[in-house]
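Thanks for asking me to look this one over. Here are my notes, in numbered points, to read with the structure open beside you.

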Amino acid sequence: MDSHLVALLPVAAVWVAAGLVADGLPRLDRVHTLRRRTGWLIVLSLSGLGLMASVALVGLGTAGPTRADRAAAGLTLAVLPALVVAGSTVRRLHRLRAGAGAFATAPRVPVPPRLRAHAAHPLVGLPLQVTGLAMVPAVVATGGAGPDAGTLAGPVLALGLLGIAVIGVRHALRHSRLATRALPGTGGPATPAATGSAPATATLHV
C-alpha cells in the first residue's frame, strides 16, 4: 500500500466516523447519552483536524513532487468543510455539551426539545459529513492502480456532490421540524420546569 494512501485512510476514517456519530445525535433519548456522544464528537472533530494539519505540514515540508505532496493534495476538497468544522461546528458542540451537562443532577431525563433541535442544526452535522464525503475522491484517486484511478475520481466526485445536496436538504428539514416543536405552544413535547431545563438551554440558539 502506498504511503500517501496510508496517510489519507485514517483521516477519511475519522471524518466518516464523526459524520455517523453526528447524524445520530438528534435521535438520542437521554441527556447523559447526548452529553457523552457530543464529547466523542468533539474528540473526533479535533482528531480529524489534527490529522489533516499533520498531512498538510508534511507535504509542505518536502521538496518536489513526493508521495507526501500527493497525500496533501488529496485534502484539497476537504479543506473548506474542515474549516467550517473548526470555525463553527466545534464551538456548537461545546455549547451543546454544556447544555446537556446542566442536567448532571438528573442524567436520565429525556432530551429537551431545544437541545434536540440544536443537535440537529445543519452546522453541527453537515460540515462533518461533507468533510468525510470530500475525502472519498482523494482515497479513490490515490488508491486506484493505473490510469483508471483518475477516470474513477470524476464519477465519485459527482456522486459526492449529489450526496452533499441530499444530506444538506435532509439536515435543513430535520432541523426545521425539531426547532418548530421546540417553540412554546406548538403542541410539541414540553420540558418540565422542575428539571431546570430553562437555564440549560437559554444560551442555545437553534
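**Notes on the salt bridges, the core and the surface**

1. Let me begin with Arg170, which is partly exposed, its relative accessible area being 37%. Please keep in mind throughout that this is a predicted model. The side chain of Arg170 meets that of Asp23 in a salt bridge, at 2.6 Å from N to O. Asp23 belongs to helix α1 and Arg170 to helix α7, so this pair ties together parts that lie 147 residues apart in sequence.

2. Arg174 also deserves a look, as another partner of Asp23: the closest N and O atoms of this salt bridge are 3.7 Å apart. Here too the pair links distant parts of the chain, with Arg174 in helix α7 and Asp23 in helix α1, 151 residues apart. Is Arg174 buried or exposed? Arg174 counts as buried, because its relative accessibility is 8% and the cut-off for buried is under 20%.

3. Now for Arg27, which forms a salt bridge with Asp23 as well, the closest N and O atoms being 3.4 Å apart. Arg27 is exposed, at a relative accessible area of 52%. Asp23, by contrast, is buried, at 14%. If you colour the model by accessibility, this pair therefore joins a residue classed as exposed to one classed as buried.

4. How many salt bridges does a search of the whole structure find? The search finds three. Asp23, Arg27, Arg170 and Arg174 are linked in a network of salt bridges, and Asp23 takes part in the bridges to Arg170, to Arg174 and to Arg27. As a general reminder, side chains of opposite charge can pair when their charged atoms come close.

5. Next, the nonpolar interior. The largest nonpolar core has 37 residues, and the members that touch the most others are Trp15, Leu25, Leu34, Leu41 and Met135. Which helices supply at least two residues each to this core? They are α1, α2, α4 (76-101), α5 (113-119) and α6 (122-143).

6. Met135 is a good residue to centre your view on. Leaving aside neighbours within four places in sequence, Met135 is in contact with Leu8, Val11, Ala12, Trp15, Leu75 and Ala78. Trp15, in that list of contacts, is also among the core members that touch the most others.

7. Val11 gives you a second view of this region. Val11 lies in helix α1, which covers residues 3-24, and is buried, with a relative accessible area of 1%. Setting aside residues up to four places away in sequence, Val11 touches Leu51, Met52, Val55, Leu75 and Met135. Leu75 is thus a contact of Val11 and of Met135. The C-alpha atoms of Val11 and Thr131 are separated by 9.9 Å, although the two residues are 120 places apart along the chain.

8. Helix α2 (residues 31-60) holds Thr33, and it is also the place of Thr38 and of Ser47. Thr38 counts as buried, at 0% relative accessibility. Not counting residues up to four places away in sequence, Thr38 touches Leu25, Leu93, Leu96 and Arg97. Of these contacts, Leu25 is named among the core members that touch the most others. From Thr38 to Ala22 the C-alpha distance is 8.0 Å, with their positions 16 residues apart in sequence.

9. What about the other two residues of this helix? Thr33 counts as buried, at 14% relative accessibility, and its side chain makes a polar contact of 3.4 Å with the side chain of His32. Ser47 counts as partly exposed, at 32%. Ser47 and Ala18 are 29 residues apart in sequence, and their C-alpha atoms are 9.9 Å apart in space.

10. Finally, the surface. Which residues make the nonpolar surface patch of about 260 Å²? The patch is made by Leu77, Leu157 and Leu161. Leu157 lies in helix α7, residues 148-182, and is partly exposed, with a relative accessible area of 34%. Helix α7 therefore holds Leu157 of the patch as well as Arg170, one of the salt-bridge partners of Asp23.

How values were computed: Residues numbered from 1 in each chain as written. Predicted model: local features only at pLDDT ≥ 70, side-chain atom pairs only at ≥ 80, totals over all residues. Heavy atoms only, no water. Patch = residues over 30% accessible without salt bridge, like charges linked within 9 Å, V, L, I, M, F, W, Y side chains within 5 Å. Areas by Shrake-Rupley, 256 points an atom, 1.4 Å probe, with all protein chains shown as cover. Salt bridge = Lys/Arg side-chain N within 4 Å of Asp/Glu carboxyl O. Helix = DSSP H or I, 4+ residues; strand = E, 2+ residues; numbered from the N terminus. Buried < 20%, exposed > 50% of the residue type's maximum accessible area, 1.4 Å probe, protein only. Contact = heavy atoms within 4.5 Å. Polar contact = N/O pair within 3.5 Å; in protein donor to acceptor, adjacent residues only side chain to side chain. Core = buried A, V, L, I, M, F, W, Y, C linked by side-chain atoms within 4.5 Å.
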